[in-house]
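Hi,

Here is the structure I promised to hand over. Have a look at it first, and my notes follow underneath.

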Amino acid sequence: MTNPAQSPAHIPDEWLLDHAAGTTPEPVAVLVEAHLALSAPARATYARLASVGGVLLEQQNPAELAPDALARLMAHIDANPAPSRVAAPAAAAGLLPASLSAYTGPSIEDLAWRRIVRGVEQATLKLGGPSPYELSLLRIAAGKSIPQHTHEGDELLLVLAGSFEDGRAGYARGDVCAADASVDHAPVADRATDCLCLHVANAPIKLTGPFGRLLNPLLKLARR
Ligand code: ZN
């Protein structure tokens, strides 16, 4: 379902469709809302998908959808009939989208940051209820990297500040890096600036570099 013309730095369409249908778990919804607040191309894609969402939904396996998914999607389309009605960022000028502040509190420095590897810190954000996904902030110091790894589930990284590249693409503020078991990468922050990301994952990462394999049992990234 992913649009091949879409930049790899944007979230795959299926995540936006699920969000329009109201079926995304809380942590994913938080990331998608923040992505839409920061990225005009994402808002345009979301509007396009919502306008044709009914047709796309009919092509999906009904068993995969929540019973009220179509009703919720149609209600969403009724409420958002044109791209101009898609919510524009209210606080995009600040570092964090307004929708994130309920999860981060007034200062991210007050969060419980823990070191993952040298130059990489993570702070888990409290959710409203239990979820298979974890929501966290991830800070990669300028020029540092997350060790080479693959994934046992889904991972979404939304850049809030700075930038990084992972060998597949470059990701700047508002961009999303989506990865799963088919992706083996090592995100590297730009040399000039620390990179702050919103991180969503539903399984631990699996290190694949020569030294990283030895550290797998110790690594806690993506899961508490
Ligand atoms: Zn990854």
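Just after α1, G22 takes a positive phi of about 75°. (Helices here are DSSP runs of H or I with at least four residues, strands are runs of E with at least two, and both are numbered from the N terminus.) The helix before that glycine, α1 (residues 13-20), is largely enclosed by the rest of the structure, because six of its eight residues are buried. Those buried residues are D13, W15, L16, L17, H19 and A20. By buried I mean under 20% relative accessible area, with exposed being over 50% and partly exposed in between, using a 1.4 Å probe and protein chains only.

Before you read on, a word on the source: this is a predicted model, in which local features need pLDDT of at least 70 and side-chain atom pairs count only at pLDDT 80 or more, while totals for chains, interfaces and linings use all residues. Residues are numbered from 1 along each chain as its sequence is written, and side-chain values use heavy atoms, with hydrogens and water left out.

Now the metal. The zinc ion has H149 (NE2), H151 (NE2), E155 (OE) and H185 (NE2) as its protein donors, at 2.0 to 2.1 Å. A donor is an N, O or S atom within 2.8 Å of the metal (3.2 Å for Na, K and Ca); water is not among the atoms, so sites may look incomplete. Along the sequence, the donor residues follow the spacing H-x1-H-x3-E-x29-H. The angles between the four donor atoms run from 92 to 146°, which makes the arrangement irregular. For reference, four donors count as tetrahedral if all angles lie between 85 and 135 degrees; four count as square planar and six as octahedral if opposite donors are over 155 degrees apart and all others between 65 and 115; anything else is irregular. Two of the donor residues are also buried: H149 has a relative accessibility of 1%, and H151 has 5%.

Two loop residues are worth clicking on. P97 sits in the loop between α4 (69-79) and α5 (101-104), and is buried at 2% relative accessible area. Setting aside neighbours within four places in sequence, P97 is in contact with A34, A37, L38 and L160, where contact means heavy atoms within 4.5 Å. P97 and L160 are 63 residues apart in sequence, yet their C-alpha atoms are 8.6 Å apart in space.

The other one is S39, in the loop between α2 (26-38) and α3 (40-58). S39 is buried too, at 4% relative accessibility. With the same four-place neighbours left out, S39 is in contact with H10 and G174.

There is also an open sheet of three strands, in the order β7-β6-β9, with antiparallel pairing. β7 (170-171) and β9 (188-189) are at the edges with a single partner strand each, so one side of each has no neighbour in the sheet. β6 (residues 164-165) pairs with β9 over two bridges; strands pair if DSSP finds at least two bridges between them. Within that pairing, E165 stands opposite V188.

For the whole protein chain, there are six helices and 11 strands, and 47% of the 224 residues are buried. Of the contacts with a separation of 6 or more, 65% are between residues 24 or more positions apart.

Cheers
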